[in-house]
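Biologist: I'm new to this one, so could you walk me through it? I'll ask as I go along.

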Amino acid sequence: MSFGGRLSVVLGLFVVAAGLAVWAVVGFMLPTTPTVDFTAAQPSGAPVDLTVQTVGTIGFGAHPTWVSYLVKNPSGQWVHSTVWKVPAHTRINLTIEQYDSGSPLRNQQWGLVAGTTGGVATLNGKPIALYDSNSGNGVGHTFSIPTLGISVPLVGIADDAKNPCSQAPCTTDFDHNVIKVSFVTPGPGEYPWQCYVPCGLGFLYGNGGPMSTLGYMGGFLDVTA
Ligand SMILES: [Cu+2]
């Protein structure tokens, strides 16, 4: 190869490397999920009503086929976000609308309701402390905050549900379960939360894709003073 040819190969590789570096830096800097603020409109000390939903396929965005959480912002609009800013030392009344189906858990531990006020959740109005995922519709996801010892199994809708939702945000006209818990936030800090059911269909052991991407099956409680 001539000197000129080799020089253009080197320059070409340099341009590709520089392009990749810029792409990586920009990708790292851009926010992947917006923070939804529940502190601004909140009278000090009053409980925060937090409503979220889980869907089997979000139906829009970069990964329309992925499972996801969404949250209802203080103005009542559904937002594709898993980072929620909440006040410290405050009771959170969490309502989870679960539109996804379920399956038996690989680890029965995740059928346990833990760390919530009274150690219970309500499933469609009935209190539960433990859900046997080998019975009924199984469990689709969990809502778990490991550092606070909080975990809630999200019981699935029936596999043969007549009116499943395939496009988020889902309205309550579609088949769903309502799971409610309360818990009290600790002092200020960033508390990661996640789903522990390997629900990333099509990824290695179900733990890739939405399970390992902020904005889908995990996020942060941004607890502020
Ligand atoms: Cu999940």
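Biologist: How many bridges join E5 to E13?

Modeller: Keep in mind that this is a predicted model. E5 and E13 run parallel, and one of the facing pairs is Pro87 with Thr224, which sits in E13. The number of bridges joining E5 to E13 is five.

Biologist: Which residue in E5 is the bridge partner of Asp37?

Modeller: Strand E1 covers residues 35-37, and Asp37 belongs to that stretch. E1 pairs with E5 in the parallel sense, over three bridges. The partner of Asp37 in E5 is Lys85.

Biologist: Let's zoom out a bit. What is the secondary structure of the chain made up of?

Modeller: Reading from the N terminus, you meet an α element and then a run of β elements. Added up, that comes to one helix and 13 strands.

Biologist: And how far apart do the C-alpha centres of domain 1 and domain 2 lie?

Modeller: The domain assignment gives domain 1 as 1-30 and domain 2 as 32-224. The C-alpha atoms of the whole chain fill a box of roughly 80 × 45 × 30 Å along the principal axes. Between the two domain centres, the distance is 42 Å.

Biologist: What share of contacts between residues at least 6 apart in sequence joins residues at least 24 apart?

Modeller: Here we look at contacts in the chain and set aside those between residues fewer than 6 apart in sequence. Of what remains, the share joining residues at least 24 apart is 70%.

Biologist: Now the open sheet of seven strands. Which are its edge strands?

Modeller: The order is E4-E3-E2-E6-E11-E7-E8, with mixed pairing. An edge strand here pairs on one side only. That description fits strand E4 (78-79) and strand E8 (126-128).

Biologist: Which residue in E11 is the bridge partner of Leu123?

Modeller: Leu123 comes from strand E7, residues 121-123. E7 pairs with E11 (residues 177-184) in the antiparallel sense, over two bridges. Across from Leu123 in E11 you'll find Ile179.

Biologist: Ile179 also shows up in the largest nonpolar core, I think. Which strand gives the most to this core?

Modeller: Yes, the core has 45 residues, and Ile179 is among those that touch the most other members, along with Val152 and Leu154. Residues 150-155 make up the strand you want, and four of its residues go into the core. That strand is E10.

Biologist: How many of the residues in E10 are buried?

Modeller: Ile150, Val152 and Leu154 point one way, while Ser151, Pro153 and Val155 point the other way. In a regular strand the side chains alternate between the two faces of the sheet. Both sets are buried, and the count for E10 is six of six.

Biologist: What stands opposite Leu154?

Modeller: E10 pairs with strand E9, residues 139-145, in the antiparallel sense over six bridges. The two form a hairpin with four residues between them. Opposite Leu154 stands His141.

Biologist: Is Gly149, in the turn of that hairpin, buried or exposed?

Modeller: Gly149 has a positive phi of about 70° and lies in the loop between E9 and E10. There are 11 other C-beta atoms within 10 Å of Gly149, and 12 or fewer is the cut-off. So Gly149 is exposed.

Biologist: Why does His89 count as exposed?

Modeller: His89 sits in the loop between strand E5 (83-87) and strand E6 (91-98). It has a positive phi of about 50° although it is not a glycine. The call is exposed because the number of other C-beta atoms within 10 Å of His89 is 12.

Biologist: How many C-beta neighbours does Tyr205 have inside 10 Å?

Modeller: Tyr205 is in the loop between strand E12 (189-194) and strand E13 (218-224), and its phi is positive too, near 55°. Tyr205 counts as exposed, and its number of C-beta neighbours inside 10 Å is 9.

Biologist: Last one: where does the cis peptide bond from Ala168 lead?

Modeller: The omega of that bond is near -5°. The residue it leads to lies in the loop between E10 and E11. That residue is Pro169.

Technical notes
Residues are numbered from 1 along each chain as its sequence is written. A nonpolar core is a set of buried Ala, Val, Leu, Ile, Met, Phe, Trp, Tyr and Cys residues joined through C-beta atoms within 7 Å. A residue is buried if 20 or more other C-beta atoms lie within 10 Å of its own, exposed if 12 or fewer, and partly exposed in between; C-beta atoms are placed from the backbone. Two residues are in contact if their C-beta atoms, placed from the backbone, lie within 7 Å. Two strands pair if DSSP finds at least two bridges between them. Domain bounds come from an automatic or database domain assignment.
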